[in-house]
Amino acid sequence: MAEQRRMRENEGLSQLLRDHLTEWSERTGITVEVWALPEQKVPPKVADNVYATVREALDNVARHSGARVVSIALTVGRTGLRLTVSDGGRGFEPGTTGRGIVAMHAYLAEIGGRLAVNPVPGAGTTVSGFVPAEMLTRYAEA
Ligand SMILES: Nc1ncnc2c1ncn2[C@@H]1O[C@H](COP(=O)(O)OP(=O)(O)OP(=O)(O)O)[C@@H](O)[C@H]1O
Ligand SMILES: [Mg+2]
């Protein structure tokens, strides 16, 4: 784990995500539209949990959505880190939850962030995450 973290710190969250997205897209045949990835360095613990959240969201897109395209935006701004994974697939009934959705909430809660899953039946699903700037600072100093 420590080894993996060091690797991530050097490589950067954005590069790790790019590599995963390329492999995932080839494997699933689903097109990934990357709207934004951050240039800034993201603290390793935050990178780990954000990366795990994106993987879980993509796993759901591949297994449940039926979508042909998924879009991803990850930005780091003055107020914090924002993450969106959005598909135009079949969506599902709000309130449905399972291990994956619980895990995504926990990944962001653990680093002082918040997650929302917004499904629209017949129209798609958007997973949004936010980690406040003060948490990024705290983990950068840790
Ligand atoms: N992007 C999506 N498109 C359509 N349905 C979804 C999507 N994401 C989640 N769902 C629905 O919500 C349910 C719960 O998702 P969750 O990730 O918690 O569990 P799971 O994917 O069924 O199993 P696990 O993640 O534990 O392997 C899914 O079974 C599916 O019905
Ligand atoms: Mg799942």
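**Strand pairing and the surroundings of ligand 1**

In this predicted model, strand β3, which spans residues 80–87, pairs with strand β5, residues 124–132, in the antiparallel sense, and 8 bridges connect the two. Within this pairing, V85 has V127 of β5 as its bridge partner. Strand β5 is also joined to strand β4, residues 114–120, by 7 bridges, and β4 and β5 run antiparallel. Here N118 is matched with T126 of β5 as its bridge partner. Strand β5 thus takes part in a pairing with β3 and in another with β4. The connection between β4 and β5 is a hairpin, with 3 residues separating the strands. One residue of the turn, G122, has a positive phi of about 85°. In a regular strand, side chains alternate between the two faces of the sheet.

Ligand 1 sits in the largest pocket. Two elements, α3 (44–65) and α4 (99–110), each give two or more residues to the shell around the ligand. Helix α3 supplies the largest share of this shell, 5 residues. In total, 14 residues surround ligand 1, and the closest are N60, R63, H64, R99 and I101. Sorted by class, the shell consists of 8 polar, 4 charged and 2 nonpolar residues.

Both side-chain and backbone atoms of the protein lie within reach of polar contact with oxygen atoms of ligand 1. For R63, a polar side-chain atom is 2.9 Å from an oxygen atom of the ligand. For G98, the atom concerned is a backbone N or O, likewise 2.9 Å from an oxygen atom of ligand 1. A polar backbone atom of I101 lies 2.8 Å from an oxygen atom of the ligand. On its own, ligand 1 has 600 Å² of accessible area, of which the protein covers 80%. R63 and I101, which make two of these contacts, are also listed among the residues closest to the ligand.

Methods
Residues numbered from 1 in each chain as written. Chains lettered and ligands numbered in written order. Predicted model: local features only at pLDDT ≥ 70, side-chain atom pairs only at ≥ 80, totals over all residues. Heavy atoms only, no water. Pairing = 2+ DSSP bridges. Helix = DSSP H or I, 4+ residues; strand = E, 2+ residues; numbered from the N terminus. Near = heavy atom within 4 Å. Polar contact = N/O pair within 3.5 Å; in protein donor to acceptor, adjacent residues only side chain to side chain. Areas by Shrake-Rupley, 256 points an atom, 1.4 Å probe, with all protein chains shown as cover. 1 Å grid on protein atoms, 1.4 Å probe; cavity = no way out; pocket = protein on both sides within 12 Å on 5 of 7 lines; lining within 4 Å. Sits in = over half its atoms within 2 Å of the grid points. Nonpolar A, V, L, I, M, F, W, Y, C, P; charged D, E, K, R; others polar.
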